[in-house]
Amino acid sequence: MLSGEERREIEMKLTDYPNKQAMSIESMLIVQRHRGWVSDESLRDLSELLGLSVADLDGVATFYNLIRRKPVGRHVALLCDSVSCWIMGCERVRDQLCSSLGTPLGGTTADGRFTLLPIVCLGACDRAPAMMIDGKLHEDLDEQRIEEVLAQYE
Amino acid sequence: MATIFIDNAPRQANPKQNLLHACLSLGYDLPYFCWHPALGSVGACRQCAVKQFRDERDTAGKLVMACMTPAGEGTRISITDVEAAAFRAAVIQGLMQNHPHDCPVCDEGGECHLQDMTVMTGHRSRAYSFGKRTFRNQYLGPLVNHEMNRCIQCQRCVRFYRNYAGGHDLNAFRLRDNVYYGRHEDGILESEFSGNLVEICPTGVFTDATLKRHYTRKWDLQMAPSICVHCGLGCNTTAGERYGALRRVVNRYNHEVNGYFLCDRGRFGYEFVESSLRIRHPLFNGKAAIKREALERFGSILSEGNAIGIGSPRASLEANFALRTLVGSDRFFAGVLDEDLQLLSPMLRILREGPARSASLDDVEHSDAVFVLGEDVINIAPVMALRLRQSVRQAPMRIAAGLHIPEWLDDAVREAVQDAKGPFFIASPYATKLDDIATTTHRAAPDDLARLGFAVAHAIDDTAPKVTGLSPEWDTMIAAISAALLGAQRPLIVSGASCRSRSVIEAAAQIAWALRKAGRPANLSFTTPECNSFGLSLMEPRALSEAFQSIQNEPTSTLIVLENDLFRRAPASEMTAQLRGVQHLVVLDHLVNATTEAAELVLPAGTFAESDGTLVNSEGRAQRFFQALDHSADVQESWRWLREGSVAAGLNNEAQWQSLDDLITAMAAEIPAFRAIPAVAPSRSAVGKIAREPNRYSGRTAMFANISVHEPKPVDDPDSALAFSMESGPEAAPSSLIPFFWAPGWNSIQAVNKFQGEVGGPLRSGDPGVRLIEPSQESGWQYFTAIPPQFKAQPGEWLLVPIFHIFGSEELSRHAQGIAQLLPRPYVALNPVEASLLGAKAGEQIKVVVEGALFELEVALRADLPRGVAGLPTGLPPLDGVMLPAFCKLAPTGAELSARGAS
Amino acid sequence: MEKPLTGNFRADKEAVSLAEYERAGGYQGLRAALLMAPADVTELVKRSNLRGRGGAGFPTGMKWSFVPMGEDAPHPKYLVANADEMEPGTFKDRALMERDPHQLIEGMIVSAYAIDADIGYIFLRGEYERSYERLARAIAEAEARNYLGHNILGSGYSLILHLHMSAGRYICGEETALLNALEGKRAHPRTKPPFPQVSGLWGKPTIVQNVETLCNVHHIVNKGPEWFHGLSKTEDGGTKIYGVSGKVKRPGLWELPMGTPMREILEDHAGGMREGLRFRGVLPGGASTDFLVEEHLDTPMDYGNVQKAGSRLGTGTMVVLDDQTCPVGMVWNLEHFFAQESCGWCTPCWSGLAWTEKILFAMEQGKGSIHDLETLSFQTKFLAPGNTFCAFAPGAVEPLQSALKYFADDFRRHIDEQRCPWRQ
Ligand SMILES: Cc1cc2nc3c(=O)[nH]c(=O)nc-3n(C[C@H](O)[C@H](O)[C@H](O)COP(=O)(O)O)c2cc1C
Ligand code: SF4
Ligand code: FES
């Protein structure tokens, strides 16, 4: 069941577009902001609300990388692996993050604290390597910075 | 026409087409995948690349996709250009990167477009040495099989399924080299046209799941041109046999009728031929007999005299004519109830004596304003619905034209047009699956639908009788419909027998006639309930009630029932009572049914696959189907049984009707409406031999080696030019006799390109079939004046209307193994408001008393039913003998409700 | 030196407030434009020779002139700001939006006015949450001041501006794929023609323009095309936001005259290579541009000159390759990105990039073969412009084709030594 809040947000945003199809992406992002991911159940609820088939929605969901169809931890860390960050050593950062958190890239920590995902260029190339946690950008990462940053997230 | 230059040769091309289309039409072999004549171009696969040059002096040129480039005047291209050829080979190499190369175990092998194109481009060995992506396949239901690892991402499946057929449950998921075409999760495909994926997919991702159970390679099939027997449209099919069994049915292109597509009932219904209910031997008093015994018996029954015959709307003209000849035309009765005959005959009269022309399905697709009156087209005449779905694109095409977007540039057209749809109105007793394309829909009881139709006609031409007492809301709707029809260039009215209301039929005609009177070239399309409904009516049989009358009057008579389960046409008790007076009941049919069970003598009649014959479809087009199976000794054409019976009885001599052509000649001479029947397909003597077996047919000498090591002599086919062999004469087969589409290098169904004058256009020697009915040129017709009064809901009673199901409502396809898994359970549909008044809930049982019979049925809620109207799935046992529409009483299961009425 | 685009940026990296923006002459361009006929605004932009900053460098005014105008023109018409910025190595639009959001909004209103658009969208990449907040606030402020909305400043012209958050995928930056994404569909590109100017969003006339491009427009209206020419060192008018990332001393962004030589940017502004490192090459305008090397350092960074040098100005944000970084590894990283982001619509792209990426990865793992070089070079031709449905794939193989040329020895060493020489 979609929450009242989710429905309200979706209905408000609907006025930005001439049809409901255009809301397919946005509505899934809204649900995701509330729940961290988009479940099959949410897809069915949205399908009913928007009059689009579940296949329509999932076809879209599986195209875009920022729509998550699997549950995530309390915090989502997106580690940039694109060219500038790669030059600046994002692979080292990745290895350290994985060992610190005890999860491979793409995984969630056992305690559900973090999900660690790769992401393409975050537009922070001059401050590489960079990572984004819950929408907040962390730049100039090195061994020490990583530990400091992680400590900020319960 | 435009002159274009292909490898420096000047050629004539249609400038409205793209270069791929033009090149294929000109006979060039240019590979392609994502393009399809019915779907247009999207430029995704990049397989059709050619070199284009600015002018004669340009030697460098540039690669273009032929499917995305117009064939404009002066266009210069090269197909053979080295760079273009290398690019095309590279595309195949890319497509094959993840392809499993599992042709030996793939159902598509031997008729695979991907195989053909791979050979055409010369790609031979695999350079790619890394792993391939793998997918999990889905269960898509009993009709279509899924093997995603073979996918080459050409987009055709979703483009057909979604854009063309209006489905929603199939989609593309993910991206890069990892696109997945399937459903959101495992489950039965919802579209009535899902089977076309088998032909639309250029490789083996979607294959025929029914074929899989009795698989045979295309090259090992013995094939014959056939006609679908599962509705009145008469779609052309190809039936394929191996080892004496029918293996599958595929589409057979006919530009005027089905084009490239079939519905799932038509494609998968064929399995009834191999059903366990099949009658393979004569039965005498329920016991199997051999043919000779049966004929003796039949002969002696016949020699008693006094035989009468009941014909069939699902048997061929030839079978009906044979029966009519045997019993005499005055003793030949319609195999349908009087009520139904009184729908069919007026429809024919309207189409022959009135000014509006019956539309071919190609006309249907090209109509630019449509009014559907009383029909649930998708469940009654499915392929017409698919064509209607395209018709709403006609008017908006003008938007695209205004933006200089050619019609074939599919995605661009759809983007420019958005949701714009041409005028399309549906007035029916309940919601239909075409409602999504309708401008407006209107639901009412049949009498009110007729009134609506008459009112629209009056709005178009005020000399047509006026309908009084209309609500203002109706007036607006009537104004909108009449204005749209008047404003159209090619308006179409669709109606038919489904409401079982003569008024609805007359109202539909009235609209078309009013339009004609107003100078608009309106067409009229009636659906017919069965594959030869019109054919039977054209024979002008006597009313069925008179047959029963005559049985009552002459208790010693013999009744011969041809391919007809009379128990589907009236309640069992009534029919049993009617047949009680019959001394000898002889039934010819394919499957065991209540009528054959009641018979003294049952003769195993060949199905469409085991016989030849002519059917007249709802357009009025006579089309011939041909035997694909060399049937077993005991099964044979109904007309042969009847002929041999009459010889056995000494009523005729051996010389009569040695072959089908003889019979057809006799029929054409005797019945004026059938004068053109000999022209439906050339006679046996008019053309050389045509092989039913492809020239790669294998195992010919070994197939029956377990029975005898001597290769049997090919069976002679006295009835047609088609031979049960691989040997053909030198001439090309005329289009009505093409047993399968094949051309060198083109083993897939796409080979049809080579048989069309212009790809996507008529077959080169004309589309099969002859129209038997044309509108009258005289202006003597008159408007109908019998306008029914407004429908009034009866207190405590409901008008039960028939609800049609693509799977279930039709008699034969119901027994196909795949389709049998998709039948609905019997139910009674109620409007939720009325259901709650009755205290009935969805899924619970309720008592239904109709025409003296009591049923306990599950309640289904349908908010779309008008007040006072309830629905019953038609044709489904145990409801198949219930004559609808009829008034019924309803009561909760606990309540007292006797068969005579409510307590 | 005049810096119209970044001159107002605050040192604390907060957004320029509406008050500050107005104080610095903000929304004057809009007032000026509203006094002109729309066609005259387009004319000014044409004369300024403003070229698209999103990568392709198409003349902006000319693009606008294809939009149907007048009584019979279809409506609504749309203006879309392409704020998708996903080209690896590119980080200029984010700065413009985060630090001076009103500038983009004013640029959009003036541009929309020129084409008589009714509705505008900012198509913002999903990770740019800070830009989202700041733009959303700025839009609300602009609406409150009637710079946006109904009857803007009493001119009779109305514009609604929506902020649309994307859900990822590089291909959404391609303008027609972007339109599909905005319509809530799978973002594969569309056929051109018809061009979006004629049949774009929901089939209506649409202009898609890069953020940086739009940020220039009202300045041009305000100060004139001549002023705009004067900002530049070459015939391409205006300033350009250049960026440098990689192992230089001071990576960053600078607004400089269009045509500033590459050496000046790399050495004077970015401070040259870090200690102990040598310059080996540079992607001059993001991931999808050809490498340039030492000999090209004096190339003026404008459209024509970078092209003459064998690459593209692209987004003007450079990624520097040093001698301690493996060029094959870098190209693998780039092709990994492209293979991953291919939309899957056309065969050469989805098949070719997947293969390419696998070969490069194998090479880095010490599993390269001499035939791989042929395959790689074959793929660069297979995915050439015109062969694929959109410009994604040709862009994707640009760094590869130039790397094969400039770093041929490095590829050979990987194969000969069956290892990556840069890895221990
Ligand atoms: C694969 C691909 C990605 C692109 N990404 C962007 C992008 O992120 N931002 C952008 O402004 N333009 C991008 N472009 C260019 C746009 O297609 C389009 O040319 C541009 O938005 C037009 O604006 P301009 O003329 O102002 O540059 C991309 C092009 C391609 C082929
Ligand atoms: S080149 Fe083809 S597959 Fe690649 S992004 Fe463009 S359309 Fe998609
Ligand atoms: S058929 Fe032309 S690109 Fe697919």
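This tour goes through a predicted model, beginning at the interface of chain C and chain A and ending in the nonpolar cores.

Select chain C together with chain A, and display the residues of each that touch the other: 58 residues of chain C are in contact with 41 residues of chain A. The two chains bury about 3700 Å² between them, and 58% of that area is on carbon and sulfur atoms.

Next, pick A:Glu139 and C:Arg94, whose side chains form a salt bridge with an N to O distance of 3.6 Å; the rule finds one salt bridge across this interface. Polar contacts join 19 residue pairs across the interface of chain C and chain A, counting pairs with both residues at pLDDT 80 or more.

Now colour the side of chain C that touches chain A by element, where those giving two or more residues are helix 7 (129-144), strand 3 (160-165), helix 8 (175-182), strand 5 (239-246), strand 8 (317-322) and helix 12 (327-341) of chain C. Helix 12 of chain C gives the most to this side, with nine residues. By class, the side of chain C that touches chain A has 26 nonpolar, 17 polar and 15 charged residues.

Then turn to the largest nonpolar core, which has 251 residues, and select A:Tyr64, B:Phe160, C:Met330 and C:Phe411, which are among those with the most contacts inside it. Helix 12 of chain C supplies the largest share of this core, eight residues. Centre the view on C:Phe411, and leaving out residues up to four places away in sequence, its contacts include C:Val328, C:Leu360, C:Met363 and C:Leu373.

Finally, select B:Ile493, B:Ala512, B:Met539 and B:Leu562, which belong to another core, of 96 residues, lying apart from the largest one.

Terms used
Residues are numbered from 1 along each chain as its sequence is written. Chains are lettered from A and ligands numbered from 1 in the order in which they are written. This is a predicted model: local features need pLDDT of at least 70, side-chain atom pairs count only at pLDDT 80 or more; totals for chains, interfaces and linings use all residues. Side-chain values use heavy atoms; hydrogens and water are left out. Contact means heavy atoms within 4.5 Å. Buried area is the accessible area (1.4 Å probe) that two parts lose on being put together, summed over both. A salt bridge is a side-chain nitrogen of Lys or Arg within 4 Å of a carboxyl oxygen of Asp or Glu. A polar contact is a pair of N or O atoms within 3.5 Å; within protein, one must be able to donate a hydrogen and the other to accept it, and residues adjacent in sequence count only if both atoms are side-chain atoms. Helices (H or I, at least four residues) and strands (E, at least two) are DSSP runs, numbered from the N terminus. Ala, Val, Leu, Ile, Met, Phe, Trp, Tyr, Cys and Pro count as nonpolar, Asp, Glu, Lys and Arg as charged, and the others, Gly among them, as polar. A nonpolar core is a set of buried Ala, Val, Leu, Ile, Met, Phe, Trp, Tyr and Cys residues joined through side-chain atoms within 4.5 Å. Buried means under 20% relative accessible area, exposed over 50%, partly exposed in between (1.4 Å probe, protein chains only).
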